[in-house]
Amino acid sequence: MLITIPDVLTPEEVTHCRALLAAAPWQDGKASAGAQAARTKNNRQIPFGSPEADTLGRIVLGALSQNALFLSAALPKTILPPMFNAYGPGENFGVHVDNAIRAMPDGSRIRTDLSMTLFFSNPEDYEGGELVIETLYGAQEVKLPAGHMVLYPSTSLHQVLPVVRGERVSSFFWLQSMIRDEAARTMLFDLDQSIQNLSLTLGNDNAEVVSLTGLYHNLIRKWAEL
Ligand code: NI
């Protein structure tokens with residue numbers, strides 16, 4: 001499932017983050033890529049674990065922790081600290097699959113189930129730079145307004161097309177979901193969305209809404225890995 005999460009950050013938060021990003025140190029993007037990906041990665045990023053990345057990462061994770069659509073779609077167990085990258089004219093990231101396992105700052109490791117890109121540039125700020133994700137239904141090109149985020153399975157082949165003009169700045173990071181199986185996670189998301197829509201018309205205390213809510217939680221109880 002590929003899903004857009006709108007308005008993760010408010011316009012004011014985007015402006016604040018953009019000022020922090022402009023003042024941050026930048027390094028070659030190959031520093032965090034696996035061997036195959038490093039050969040095709042041609043961009044810049046803020047060093048992992050730097051104070052600037054930590055400050056920005058806290059803002060992003062704070063916003064996501066309040067975002068009902070994200071929590072419903074991802075059912076996150078562990079989220080890696082967000083990273084930040086920039087693509088200027090001629091920079092791109094060729095077709096690759098992200099590393100399956102990544103290390104947390106404390107040395108523990110997580111499985112990357114879902115990949116995220118949160119945009120800090122607006123589409124009119126740059127030409128090119130589309131995130132192209134291969135899905136079962138063909139390639140999807142993603143270019144979102146600043147403050148919006150795309151969430152997609154980390155198993156997907158994807159690339160960032162060359163930027164032709166301007167600069168594309170974004171945050172990219174991964175999470176391990178409590179629900180490993182993509183199909184099960186998608187069904188839980190669909191069920192949760194239907195329950196929320198039903199409760200708007202029928203009320204939270206409607207007997208069928210209560211029953212379906214119980215079913216939702218019992219499926220999580222059956223499938224969740226903590
Ligand atoms: Ni990638």
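This is a short tour of the chain, one selection at a time, in a model that is predicted.

**Start with the whole chain.** Show it as a cartoon, and you have 6 helices and 17 strands to look through. Turn it around: the C-alpha trace spans about 55 × 35 × 35 Å along its principal axes. The radius of gyration is 18 Å, which agrees with the value near 17 Å that a compact globule of 226 residues would have.

**Now switch on the surface.** The accessible surface comes to about 10900 Å², and 56% of it belongs to carbon and sulfur atoms. Beneath it, 47% of the 226 residues count as buried.

**Go inside.** Select Val8, Leu9, Phe70, Phe84, Phe120, Met149 and Leu151: of the 31 residues in the largest nonpolar core, these touch the most other members. Next, colour some of the elements that each supply at least two residues of this core, including strand E1 (3–5), helix H1 (11–23), helix H4 (68–74) and strand E14 (149–153). Then add helix H3 (51–64). Which element gives the most to this core? That is H3, with 6 residues.

**Zoom in on valine 8.** Leaving aside neighbours within four places in sequence, valine 8 is in contact with Glu13, Ala63, Leu64, Asn67, Leu118, Gly147 and Met149.

**Move to another core.** Apart from the largest one lies a core of 13 residues; select Tyr87, Ile133, Val142 and Tyr152, which are among them.

**Finish with contacts and charges.** Among contacts between residues at least 6 apart in sequence, 77% join residues at least 24 apart. Last, colour the 17 positive and 24 negative charges: their mean positions are 8 Å apart.

Note on methods. Residues numbered from 1 in each chain as written. Predicted model: local features only at pLDDT ≥ 70, side-chain atom pairs only at ≥ 80, totals over all residues. Heavy atoms only, no water. Core = buried A, V, L, I, M, F, W, Y, C linked by side-chain atoms within 4.5 Å. Buried < 20%, exposed > 50% of the residue type's maximum accessible area, 1.4 Å probe, protein only. Helix = DSSP H or I, 4+ residues; strand = E, 2+ residues; numbered from the N terminus. Contact = heavy atoms within 4.5 Å. Rg over C-alpha atoms; globule rule 2.2 N^0.38 Å. Areas by Shrake-Rupley, 256 points an atom, 1.4 Å probe, with all protein chains shown as cover. Lys, Arg positive; Asp, Glu negative; His and termini not counted. Charge placed at Lys NZ, Arg CZ, Asp CG, Glu CD.
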